[in-house]
Amino acid sequence: MKKPSADATYCFGKRHVITILGFTLCALQSANRVVIGVAIVAMVKHGHINQTVLRNTSELSCPPPEIAPNTTLRSKFQGEMEWDSKQQGYVLSVGFFGFLLTLIIGGKAADTLGAKSPLVVSNIIIGLCTFLSPFAAWWSIYAIIAAQLLRGLTQGFFTPAVYRLMSDWYPRSERGFLSTLVLCGYAFGVVIGGIVTGWLCDVPQLGWPSAFYFWGACTTGTAILLQFILYEIPQKHPTITEAELNYITEGQDNKMAKKV
């Protein structure tokens, strides 16, 4: 067996491009989940919520409190949607329910079709569901629930496809490290998704719909890009070096290495 060169092991190669793509895709999945959880604060009317401030009048504090004791505070924030707490719970949870329903089917699809097709199609549908969520919310509570359910159902096809992609592209010696980098995208997406969504909702000229437009457009655009730059397996990549190809295939299981 020919030993792969050191350049194939340490230099930036096509498998590292796959790692960047995988990280980005995982981050976008988290952002698409987070956007509804953050934006719903700005979507729903809160003017009916009252809060009474109770304080011991004999208590001394410095500086003196600005609010008098036993004062009733009324929220001045006015959203658009008149959803009660039960309806909000349905909107926030239905996506996770859909995700659980299709994970097994998604695993079978990734095993049968490979990684590329499920990744491209699922990201297009997820992006469209997120992009159209404001219109669904304006239409009715049932429409936004349906949009979030469809997003969740589709994300059940995404996760197995990512693992299939990593198994096809990473040799055993790097599989743990590179796979960890890809999956770190989920945590990064939660952080950046919450920050960006909160900021967009707080901009008066943009408002909460812009958060859905932004993440939906990013996800759909990335899916279209995948169609042109993502290759199912290393053997099909037109510009991969022979050294890197040998390094990947010789470091995989025999069944993986024989794919064409």
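**Contacts, rings and cysteines in a predicted model**

Me: Which residues does Glu232 touch, not counting residues up to four places away in sequence?
Reply: In this predicted model, Glu232 lies in the loop between helix 7 (208-229) and helix 8 (242-250). Leaving out residues up to four places away in sequence, Glu232 touches Leu113, Gly114, Ala115, Lys116, Leu165, Asp168 and Trp169.

Me: Is Glu232 buried or exposed?
Reply: The relative accessible area of Glu232 is 16%. The limit for a buried residue is under 20%, so Glu232 counts as buried.

Me: What distance separates the C-alpha atoms of Glu232 and Ser117?
Reply: Along the chain, Glu232 and Ser117 are 115 residues apart. In space, their C-alpha atoms are separated by 8.8 Å.

Me: What pattern does the protein follow when read along the sequence?
Reply: The protein has nine helices and two strands. Read from start to end of the sequence, these elements follow the pattern α-α-β-β-α-α-α-α-α-α-α.

Me: How many Å apart are the end C-alpha atoms of residues 212-231?
Reply: The unreviewed UniProt entry annotates residues 89-107, 119-139, 177-200 and 212-231 as "transmembrane region". One of these spans, residues 89-107, is 100% helix and 0% strand, with its end C-alpha atoms 28 Å apart. The span 212-231 is 90% helix and 0% strand, and the distance between its end C-alpha atoms is 29 Å.

Me: What share of the protein's exposed area do carbon and sulfur atoms supply?
Reply: Of the 260 residues of the protein, 46% count as buried. The protein exposes about 14200 Å². Of this area, the share supplied by carbon and sulfur atoms is 67%.

Me: Among the contacts in the protein with a separation of 6 or more, what percentage comes from residues 24 or more positions apart?
Reply: Gln29 in helix 2 (residues 14-43) offers an example of touching residues, among them Gln155 and Tyr186. For the protein, residues 24 or more positions apart account for a share of the contacts with a separation of 6 or more that comes to 80%.

Me: Which residues does Gln29 touch, not counting residues up to four places away in sequence?
Reply: Gln29 is buried, with a relative accessible area of 1%. Once residues up to four places away in sequence are set aside, the residues touched by Gln29 are Asn123, Ile126, Gln155, Phe158 and Tyr186.

Me: Which residues does Ser133 touch, not counting residues up to four places away in sequence?
Reply: Ser133 is placed in helix 4 and counts as buried, at 1% relative accessibility. The C-alpha atoms of Ser133 and Gly216 are separated by 9.2 Å, although these residues are 83 residues apart along the chain. Not counting residues up to four places away in sequence, Ser133 touches Ile144, Ala147, Gln148 and Phe212.

Me: Why is there no bond between the sulfur of Cys26 and the closest cysteine sulfur?
Reply: A disulfide is a covalent bond between the sulfur atoms of two cysteines. Two cysteine sulfur atoms count as a disulfide within 2.5 Å. The closest cysteine sulfur to that of Cys26 belongs to Cys184, and it is too far for a bond because the distance is 9.6 Å.

Me: How many disulfides does the count come to?
Reply: Cys26 is buried, with a relative accessible area of 0%, and Cys129 also counts as buried, at 9% relative accessibility. The count of disulfides comes to zero.

Me: What is the arrangement of the Phe135 and Trp138 rings?
Reply: The protein has seven aromatic pairs. In the pair formed by Phe135 and Trp138, the ring centres are 5.7 Å apart and the planes stand at 85°. Planes over 60 degrees apart count as edge-to-face, so the arrangement of Phe135 and Trp138 is edge-to-face.

Me: In which helix do Phe135 and Trp138 lie?
Reply: Phe135 is partly exposed at 42% relative accessibility, and Trp138 is partly exposed at 40%. The two residues are three residues apart, about one turn of the helix, and both lie in helix 4 (residues 116-139).

Me: Which residues do ring pairs link into a cluster?
Reply: Phe135 and Trp138 form one of the ring pairs. Together, ring pairs link into a cluster the residues Phe131, Phe135, Trp138, Trp208, Phe212 and Tyr213.

Me: Over the face of which residue does Arg33 lie?
Reply: Lys116 lies over the face of Tyr231, at 6.0 Å from the ring centre. Arg33 lies 4.8 Å from a ring centre, over the face of Phe99.

Note on methods:
Residues numbered from 1 in each chain as written. Predicted model: local features only at pLDDT ≥ 70, side-chain atom pairs only at ≥ 80, totals over all residues. Heavy atoms only, no water. UniProt positions renumbered as here; feature names shortened; annotations may be inferred. Helix = DSSP H or I, 4+ residues; strand = E, 2+ residues; numbered from the N terminus. Buried < 20%, exposed > 50% of the residue type's maximum accessible area, 1.4 Å probe, protein only. Contact = heavy atoms within 4.5 Å. Areas by Shrake-Rupley, 256 points an atom, 1.4 Å probe, with all protein chains shown as cover. Phe/Tyr/Trp six-rings, centres within 6.5 Å; stacked < 30°, edge-to-face > 60°. Lys NZ or Arg CZ within 6 Å of the ring centre and 35° of its normal.
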